[in-house]
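Let's take a friendly walk through two helices of this protein. Have the sequence and the 3D view ready as you read.

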Amino acid sequence: MKSHPAIVTVFGSSRPRSDDPHYAEAQALGAALAAQGFVVCSGGYGGVMEAVSRGAKEAGGRTLAVTAKFFRARANQWVDEEIRVKTWQERLFELIERGRGYVACRGGTGTLVELAVVWEMLNKGAMARRPLVALGDFWQPVIARVREAELAHESRWSERREPMVYAASSAADAANYLAERLAEKPRV
């Protein structure tokens, strides 16, 4: 029986344009993920979502997008398959459900919500352990503050055993980490 390539969901801002270094970083991420054989899934619109899809397509990879009627926009030109849902909440959980691993790129409140929801679902055991990556140092102050607050109290917080968010220094580092983790035996 042939196995299907793992899907990696990438979260990030819709704001960067093609001349922005954050666009270039996301494009490199898409290429690195495709080179590892992953299907790249994103929210499908512009900015980081376009860049990661473009990078994956230009590297010969496959791309998915989950869009919402709520936003009144369609997927960017680099998307092979668009999954259209009604609300942004449905979109969020569809992006999470499809992913076997996740990358949070630089972004605003939407990306923060996506990172936080995946982290919390992993922490509470609402889904099996899956690799979660924060690309670059943008999210590190937020992650450090959350860890500081959680570890300051007696709790059963899952991250006491092992950090759940990996800080990747580059697109290649993120793709390599995901490939290594997804090749391991599933953990709960």
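The expected span of a helix is 1.5 Å times one less than its number of residues. Keep in mind that the model you see is predicted.

Try that rule on helix α4, which covers residues 109-124. With 16 residues at 1.5 Å a residue, α4 should span 22 Å, and because its end C-alpha atoms are 22 Å apart, the model agrees with the expectation.

Which residues of α4 are buried? They are Thr111, Glu114, Leu115, Val117, Val118, Trp119, Met121, Leu122 and Asn123. These buried residues pack against several elements, among them β1 (7-11), α3 (88-98) and α5 (140-151).

Now turn to helix α2, residues 48-58. Its buried residues are Val48, Met49, Ala51, Val52, Ser53, Gly55 and Ala56, and they pack against β1, α1 (21-35), β2 (39-42), β3 (63-68) and α3.

Each of the two helices is followed by a glycine with a positive phi:

| Helix | Glycine that follows | Phi |
|---|---|---|
| α2 | Gly60 | near 90° |
| α4 | Gly125 | near 75° |

Let's zoom in on one residue of α2, Ser53. Is Ser53 buried or exposed? Its relative accessibility is 0%, and buried means under 20%, so Ser53 counts as buried. The side chain of Ser53 reaches the backbone oxygen of Met49 at 2.8 Å. If you set aside neighbours within four places in sequence, Ser53 is in contact with Ser42, Thr63, Asn76, Trp78 and Val79.

Definitions and conventions:
Residues numbered from 1 in each chain as written. Predicted model: local features only at pLDDT ≥ 70, side-chain atom pairs only at ≥ 80, totals over all residues. Heavy atoms only, no water. Helix = DSSP H or I, 4+ residues; strand = E, 2+ residues; numbered from the N terminus. Buried < 20%, exposed > 50% of the residue type's maximum accessible area, 1.4 Å probe, protein only. Polar contact = N/O pair within 3.5 Å; in protein donor to acceptor, adjacent residues only side chain to side chain. Contact = heavy atoms within 4.5 Å.
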